[in-house]
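Me: I would like to learn how to read a protein model feature by feature, with the general idea before each particular case. Could we take the one below as our example?

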Amino acid sequence: IYLYPESLSATRTQYLPDADTTLVGDDATQTLSNKNIQAWMVTIADGPSISINANITDIAIQANTQIAGLLTISAPTGTPFDGQKLMLRLRSTNVQTFSWNGIFQGSTDLPLPMTSSGSNKFDYMGFVYNSANGYWQFVARTFGF
């Protein structure tokens with residue numbers, strides 16, 4: 001079945017599902033299986049800082065070719081939700097010293113990293129947003145790929 005509502009241009013076609021198709025509902029609690037969720041991967045421009053929009057980013061990627069120096073990780077913009085995950089994948093040519101915005105929080109056994117690996121190696125840093133205290137909490141680190 002093809003519909004051409006007035007709000008859609010003549011070049012767009014909206015398809016209605018078959019009668020036996022199960023739809024995912026906005027308000028329904030449903031279990032999905034055999035489905036993939038593609039991460040929102042956003043490339044951050046090379047530069048001395050990283051700014052992330054949490055509304056559209058699951059994995060922020062930067063290929064940093066700056067001379068050895070300070071790399072500022074700014075507070076993410078957007079409206080994060082409790083339990084939201086955010087990954088930073090950094091590949092730096094030279095060792096960068098991190099300057100973390102206060103919204104990022106390390107723990108006693110996993111403090112925020114001080115420097116990148118450099119040498120064109122990939123460094124991964126994972127965070128989970130905790131709405132109870134308003135921090136992006138540092139929960140995972142794997143450096144030197």
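Reply: We can begin with the contacts along the chain, keeping in mind that this is a predicted model. Among contacts in the protein chain between residues at least 6 apart in sequence, those joining residues at least 24 apart come to 53%. Buried residues make up 23% of the 145 residues in the chain, and of the roughly 9700 Å² that the chain exposes, carbon and sulfur atoms supply 53%.

Me: What does the secondary structure of the protein chain come to, in helices and strands?

Reply: The count is zero helices and 11 strands, so that, read from the N terminus on, the elements run β-β-β-β-β-β-β-β-β-β-β.

Me: How should I read the way strands are joined, and which strands form the open sheet with parallel pairing?

Reply: The general idea is that strands of a sheet pair through backbone hydrogen bonds, in either a parallel or an antiparallel sense. In this model, three strands form an open sheet with parallel pairing, in the order E4-E6-E8. Its edge strands are E4 (49–50) and E8 (96–100), each of which pairs on one side only. E4 and E6 run parallel and are joined by two bridges, with Ile-50 standing opposite Ile-73 in E6. Strand E6 (residues 69–73) also pairs with E8 in the parallel sense, over five bridges; there Leu-70 stands opposite Thr-97, and Leu-71 has Phe-98 as its bridge partner.

Me: What is the order of the open sheet of six strands, and what kind of pairing does it have?

Reply: That sheet has the order E3-E5-E7-E10-E11-E9, and its pairing is mixed. Strand E3 (41–44) and strand E9 (104–105) stand at the edges with a single partner strand each, so one side of each is left without a neighbour in the sheet. Within the sheet, E7 and E10 run antiparallel and are joined by eight bridges, and Leu-86 stands opposite Phe-127 in E10.

Me: How do I read a nonpolar core, and which residues of the largest one touch the most other members?

Reply: The general idea is that nonpolar side chains tend to be buried together in soluble globular proteins. The largest nonpolar core here holds 19 residues, of which Ile-50, Ile-73, Trp-100, Met-125 and Phe-127 touch the most other members. At least two residues of this core are supplied by each of E6, strand E7 (85–92), E8, strand E10 (121–130) and strand E11 (135–143). Phe-127 can be followed further through its contacts, where, leaving aside residues up to four places away in sequence, the residues touched include Leu-86, Trp-100, Phe-104, Leu-112, Trp-136 and Phe-138.

Me: How are aromatic rings read, and how many aromatic pairs does the count come to?

Reply: A pair of aromatic rings is described by the distance of the centres and the angle of the planes. The count comes to seven aromatic pairs. One of them joins Trp-100 and Phe-127, whose ring centres are 5.7 Å apart and whose planes stand at 55°, so the pair is tilted. Because Trp-100 lies in strand E8 and Phe-127 in strand E10, this pair ties together parts that are 27 residues apart in sequence. Both residues, Trp-100 and Phe-127, are buried, and they belong to one aromatic cluster together with Phe-98, Phe-104 and Phe-138.

Me: Is Gln-84 buried or exposed, and where does this residue lie?

Reply: Gln-84 lies in the loop between E6 and E7. With a relative accessible area of 6%, Gln-84 counts as buried, because the cut-off for that class is under 20%. A polar atom of the Gln-84 side chain lies 2.8 Å from the backbone oxygen of Ala-54. Beyond residues up to four places away in sequence, Gln-84 touches Ala-54, Thr-57, Thr-79, Phe-127, Val-128, Tyr-129 and Trp-136.

Me: And Met-114, is that residue buried or exposed?

Reply: Met-114, which is found in the loop between E9 and E10, counts as exposed at 58% relative accessibility, because that class begins over 50%. Even so, Met-114 touches Gln-96, Thr-97 and Phe-98, not counting residues up to four places away in sequence. The C-alpha atoms of Met-114 and Ser-99 are separated by 7.8 Å, with the two residues 15 apart along the chain.

Definitions and conventions: Residues are numbered from 1 along each chain as its sequence is written. This is a predicted model: local features need pLDDT of at least 70, side-chain atom pairs count only at pLDDT 80 or more; totals for chains, interfaces and linings use all residues. Side-chain values use heavy atoms; hydrogens and water are left out. Two strands pair if DSSP finds at least two bridges between them. Helices (H or I, at least four residues) and strands (E, at least two) are DSSP runs, numbered from the N terminus. A nonpolar core is a set of buried Ala, Val, Leu, Ile, Met, Phe, Trp, Tyr and Cys residues joined through side-chain atoms within 4.5 Å. Buried means under 20% relative accessible area, exposed over 50%, partly exposed in between (1.4 Å probe, protein chains only). Contact means heavy atoms within 4.5 Å. A polar contact is a pair of N or O atoms within 3.5 Å; within protein, one must be able to donate a hydrogen and the other to accept it, and residues adjacent in sequence count only if both atoms are side-chain atoms. Accessible areas come from the Shrake-Rupley method with a 1.4 Å probe; for residues, only the protein chains shown count as cover. Rings of Phe, Tyr and Trp (its six-membered ring) pair if their centres lie within 6.5 Å; planes under 30 degrees apart count as stacked, over 60 as edge-to-face and the rest as tilted.
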